[in-house]
Amino acid sequence: MFLEIKDLNTYYGPSHVLQGISLNVEQEEIVALLGRNGMGKSTTLKSVMGMVKPKSGKVIFQGANIFGKPPHKVSMAGIGYVPEERRIFPNLTVEDNLKIGVKGGVVDESNPKAWTLEKIYEVFPSLKKRRDNKGANLSGGEQQMLAIGRALMGAPSLLLVDEPTEGLAPIIVDAVRDVLEEINKRGVSILLVEHNLEVAMSLAHRVYLMGKAHIGFVGTVQELDDNPQARAQYLEV
Amino acid sequence: MSPVTAMYVAQAIHGLTYGMLLFLVASGLTLIFGMMGILNLAHASFFMLSAYFCYQVVAWTDSFWMALILAPLGTGLIGVFVERFLLRKVQQYNLGHIGDLLLTLGIALVIAEGVKTIWGTESHQVVIPPSLEGLVSVAGLEYPIYRLFIIGLAAAILSALAFILYKTRLGMIIRAAVSDADMVSALGINMPRVFMFVFGVGTIMAGVAGVAAAPMLTVFPGLADQIGLDAFVVVVVGGFGSLFGAVVVSLFLGELNAFGIQFIPRLAPVLVFLFMALVLSFKPMGFFGERDD
């Protein structure tokens, strides 16, 4: 298995925010993790990434145990993180924001997963025009593209992407969607947390629905489509 | 040059000397706070400790130059030890600022009592090396070579620091970490190691300032009091985490100090704080602040 999360438990102080989450992602798959606000979707990504320390469980990535490892080790194992708030470095230029994502500072050309600046600019032409601008001066859509590009510069085989279309204009939402599809075609697996059901359903191969701190439904997009009860229980507001 | 102009120039160079020393202390303090969110109350104590090390090395080897190298390095080693084995441990408990404050205050107290125990409460003189003794004549003005040496030394360190920060990958990582260290670590960068490095370099710079100050101010247990307070003012007014702010405000405070003593000696000790209060009422984040917690 490519990424296997088993019985993951995370606490914020006394509150038990992930109660035995199990989930897996196969190679070159897009898996969407959906659910209402506050169910623990972002926390699941953060717990895998090491941004939040999980209490118990198993996280195995490409055969290596990454449970409870600090973020830099998880990243070195081949996982890229695109956080919810984008978290662009505002005082760095667009190009430096990308360069800082390169592990060890030099692109390893022998690695087929490696992304060069040229390749990034090919997928994100809008970033090329803004390469010398400070991160702080970008629009929301550009920041989102940059956050994805920055993660790709680390040559990940799996991307954890948290709410990439949140707060973006519809035309930009489509652009972000297409970029994620393109990246997946180039061989990067994606674990996606997304509010926009249409985007999620059009991208994902499989879907997990989260209820409060647990997984309530697992299935293919088709299976979710055929299951109005699951949709009503976990998605509709 | 008329005597009045000469006096102004001399006072300005005096202010510049102190401003540069202040910068060496404050830049480490601001970078450590900016990156790690740690307000290091022991920072100025490292300045003082290094001055004592300087006194000791000069006593043993009779060489100021040896002291200029060894004392800051020794201080830096202690700084690295403090970061690696004490601060990092305390931070695991997620106590927020209170944990860091209590720990660094404790370290400051240990250093303050430690130097009294080892070296006594009296002042120790460190002699200026012969090559830096005496006065030099600049445009008809007699000025102590040693102070000019300090200005040059600090300017060299400032240039090196600016080079690292703006021209190297390590500098890029440090600048990014000032705004969001967690995100930097999610990109595969070993932040604990970067923290240790920055903490070490910060204490080394405070150490260099301590050695430079030793011959001018003599070495005594209260040595760090003024520069410690002033360094905090610099960090607050310049903006937490802003190296540029630290440079500008350090130099300004140096001059404020020098001319304050010249013109309004009775008010001089509080001028710095008046200045801080004034700035904070209009710019609560300081002049060049980027961090918002």
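# A guided tour of chains A and B

Begin by selecting residues 140–152 of chain A, which form helix H6; this helix lies across strands E6 and E7 of chain A and runs at about 165 degrees to E6(A). Please keep in mind throughout that this is a predicted model.

**The six-stranded sheet of chain A**

Next, display the strands beneath H6(A). E6 and E7 belong to an open sheet of six strands, and the order to follow across the sheet is E6-E7-E8-E3-E9-E10 of chain A, with mixed pairing. Which strands stand at the edges? Select residues 79–82 and 214–220 of chain A: these are strands E6 and E10, and each of them pairs on one side only. From one strand to the next, the twist averages 15 degrees.

Now select residues 158–162 and 189–193 of chain A. These are strands E7 and E8, which run parallel and are joined by five bridges. To inspect a single pair, label A:Asp162 and then A:Val193 in E8(A), its bridge partner.

Add residues 41–49 of chain A to the view. This is helix H1 of chain A, which lies across E3 (30–35), E6, E7, E8 and E9 (206–211). The direction of H1(A) is at about 145 degrees to that of E7(A).

**The four-stranded sheet of chain A**

Chain A holds another open sheet, of four strands in the order E2-E1-E4-E5, with antiparallel pairing. Strands E2 (15–25) and E5 (64–65) of chain A each have a single partner strand, so one side of each is left without a neighbour in the sheet.

Select residues 3–12 of chain A to see strand E1, which pairs with E2(A) in the antiparallel sense over eight bridges. Within this pairing, the bridge partner of A:Glu4 is A:Asn24 in E2(A). Keep H1(A) visible here as well: H1(A) packs on this sheet, where it touches E1, E2 and E4 (56–61) of chain A, and its direction makes about 75 degrees with that of E2(A).

**Where the chains meet**

Display both chains together. How many residues of each chain take part in the contact? There are 20 residues of chain A in contact with 17 residues of chain B. On the chain A side, the largest share, four residues, comes from helix H2, so named for residues 71–76 of chain A. That side divides into eleven nonpolar, six polar and three charged residues.

**Helix H1 of chain B and its partners**

Move to chain B and select residues 3–36, which form helix H1, together with residues 224–238, which form helix H8; their axes come within 9 Å and cross at roughly 55 degrees. Because of that angle, H1(B) is oblique to H8(B). The crossing is right-handed. To view the contact, show side chains on H1(B), including B:Leu22, B:Val25 and B:Phe33, and on H8(B), including B:Ile227, B:Asp230 and B:Val234. The residues of this contact divide into ten nonpolar, two polar and one charged.

Finally, replace H8(B) with residues 145–167 of chain B, which form helix H5. The axes of H1(B) and H5(B) come within 9 Å and cross at roughly 40 degrees. Is this crossing left-handed or right-handed? The crossing of H1(B) and H5(B) is left-handed. Among the residues that meet here are B:Ile13, B:Leu16 and B:Phe23 in H1(B), and B:Arg147, B:Ile150 and B:Leu161 in H5(B). This contact comprises twelve nonpolar residues, two polar and one charged.

Definitions and conventions. Residues are numbered from 1 along each chain as its sequence is written. Chains are lettered from A and ligands numbered from 1 in the order in which they are written. This is a predicted model: local features need pLDDT of at least 70, side-chain atom pairs count only at pLDDT 80 or more; totals for chains, interfaces and linings use all residues. Axes are lines fitted to C-alpha atoms, for helices over the stretch in contact, and angles run from 0 to 180 degrees between N-to-C directions. Helices (H or I, at least four residues) and strands (E, at least two) are DSSP runs, numbered from the N terminus. Angles under 35 degrees count as roughly parallel, over 145 as roughly antiparallel, 65 to 115 as roughly perpendicular and the rest as oblique. A crossing is left-handed if the near helix is turned anticlockwise from the far one by less than a right angle, and right-handed if clockwise. Two residues are in contact if their C-beta atoms, placed from the backbone, lie within 7 Å. Ala, Val, Leu, Ile, Met, Phe, Trp, Tyr, Cys and Pro count as nonpolar, Asp, Glu, Lys and Arg as charged, and the others, Gly among them, as polar. Two strands pair if DSSP finds at least two bridges between them.
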